[in-house]
Amino acid sequence: MEFVNTVNEWLASHKELVTILAIPILTALVTWWTTRSNEKRAARERLSERELQRQLRLSEYRQAWIEGLRNDIAAYTALHWNAEIQAMPNARREAVEVNAKILMRMNPDDPDYENLRQAMLNPIASEAENRTALYATGQRILKREWERLKADLAKIDELR
């Protein structure tokens, strides 16, 4: 109890000194804490913004991939199942190139990869059957990727 009384007496006799020292120290501490909090919040916001930009970029790439695959499958079918186009110069080379583009675009681990490859393997042997198989397989792949793109876009909305 004596210590508390001694401290109170000292504070009472040195009010001006305590005020002169305490206010700048408290101001410095509050300023430091506020700055630190703002920097943390800003860092979190920057991280969130970078993640949002990354997700947007991936979605753009996925959409371009879907459009490219759709265009390549359409070109492939036109080159193989249209007699007028097949008669055009360079049609065979273009057909081989589009075939390669489609297969290079695909992941060999995709569940429809083998079906797609088989449907494109020999389009002349059974034209109607392979055309149906190619359309069905292509539509499944495109639908699956479209659903994945929509899921990615939903994640982006959550980040906002």
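**Notebook: helices, patch and pocket**

I read the chain along its sequence and found the pattern α-α-α-α-α-α. Helices here are DSSP runs of H or I with at least four residues, strands are runs of E with at least two, and both are numbered from the N terminus. The radius of gyration is 34 Å, well over the 15 Å that the globule rule gives for 160 residues, so the chain is more spread out than a compact globule. That radius is taken over C-alpha atoms, and the rule is 2.2 Å times the number of residues to the power 0.38.

I noted that the model is predicted: local features need pLDDT of at least 70, side-chain atom pairs count only at pLDDT 80 or more, and totals for chains, interfaces and linings use all residues. Residues are numbered from 1 along each chain as its sequence is written, and side-chain values use heavy atoms, with hydrogens and water left out.

I then checked the spans of the C-alpha trace along its principal axes, which are about 105 × 30 × 20 Å.

Next I looked up the largest pocket (an open set of points on a 1 Å grid over the protein atoms alone, where a 1.4 Å probe fits, with protein on both sides within 12 Å along at least five of seven lines; lining residues have an atom within 4 Å of a point). Its lining includes L58, Y61, M106 and E145. I see that α2 gives the most to this lining, with four residues. Both α2 and α6 (127-159) supply at least two residues each.
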